[in-house]
Amino acid sequence: MRLLLTLSESAELELLKNILEEGNIPCVLKNAQIAQALPLSPFTTELWVVNDHDFQPAQELCQDWFTPDPDASEHWVCSACGQRLGTRFDTCWKCGAKREMTEETTRKEQ
């Protein structure tokens with residue numbers, strides 16, 4: 001289990017947890033209840049990824065969340081499940097399907 005993110009805003013971490021779990025990345029929130037009960041406490045809410053091998057994809061999803069691409073064309077849609085993904089993903093994090101590379105996609109990435 002690895003610590004992915006710490007925020008004082010537990011609602012945002014709850015949302016990120018749901019997004020990660022939709023992508024089959026099991027995770028756990030820690031300190032959420034105590035951070036809400038004692039707002040001036042030294043505790044902040046933590047988001048932990050359960051499986052170490054899921055850590056890198058989870059980091060990428062969080063990065064996309066906090067710094068979204070300004071250009072909507074910098075995304076692709078998985079042909080298997082319809083999930084919208086950033087161009088840094090070559091594999092769908094939701095279903096595991098590989099990204100279909102077209103001539104136009106290859107040109108853009110060069």
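1. E21 is partly exposed, with a relative accessible area of 33%. Its side chain meets that of K17 in a salt bridge, at 3.0 Å from N to O. This is a predicted model, so read that distance as a computed one. K17, on the other hand, is buried, at 15% relative accessible area. So the pair joins a partly exposed acid to a buried lysine.

2. Where do E21 and K17 sit? Both are in helix α1, which covers residues 10–22. They are four residues apart, or about one turn of that helix.

3. How many salt bridges does the structure hold? There are two. Besides E21 with K17, there is D90 with R99, where the closest N and O atoms are 3.8 Å apart. Worth a glance if you care about cut-offs: a salt bridge here needs the nitrogen within 4 Å of the carboxyl oxygen, so 3.8 Å still counts.

4. Is R99 buried or exposed? R99 is buried, because its relative accessible area is 11% and the limit for that label is under 20%. Its partner D90 comes out as partly exposed, at 47% relative accessibility. That value stays in the middle class because exposed starts over 50%.

5. Now the sheet. It is open, has three strands and runs in the order β1-β3-β2, with antiparallel pairing. The edge strands are β1 (2–7) and β2 (27–30), each of which pairs on one side only. From one strand to the next, the twist averages 25°.

6. A closer look at one pairing: β2 and β3 run antiparallel and are joined by four bridges. If you want a spot to click on, C27 stands opposite V49 in β3. Helix α3 packs on the sheet and touches β1 and β3. The direction of α3 makes about 20° with that of β1.

7. What follows β3? The loop between β3 (45–49) and α3 (55–66) is where V50 is found. V50 is partly exposed, with a relative accessible area of 31%. Patch members need over 30%, so V50 passes that limit.

8. Which residues join V50 in a nonpolar surface patch? They are M1 and V28. Together, M1, V28 and V50 have about 210 Å² of accessible area. On the strand map, V28 falls within the range of edge strand β2 (27–30), while V50 belongs to the loop between β3 and α3.

Methods
Residues numbered from 1 in each chain as written. Predicted model: local features only at pLDDT ≥ 70, side-chain atom pairs only at ≥ 80, totals over all residues. Heavy atoms only, no water. Patch = residues over 30% accessible without salt bridge, like charges linked within 9 Å, V, L, I, M, F, W, Y side chains within 5 Å. Areas by Shrake-Rupley, 256 points an atom, 1.4 Å probe, with all protein chains shown as cover. Helix = DSSP H or I, 4+ residues; strand = E, 2+ residues; numbered from the N terminus. Buried < 20%, exposed > 50% of the residue type's maximum accessible area, 1.4 Å probe, protein only. Pairing = 2+ DSSP bridges. Axes fitted to C-alpha atoms, helices over the stretch in contact; angles between N-to-C directions. Contact = heavy atoms within 4.5 Å.
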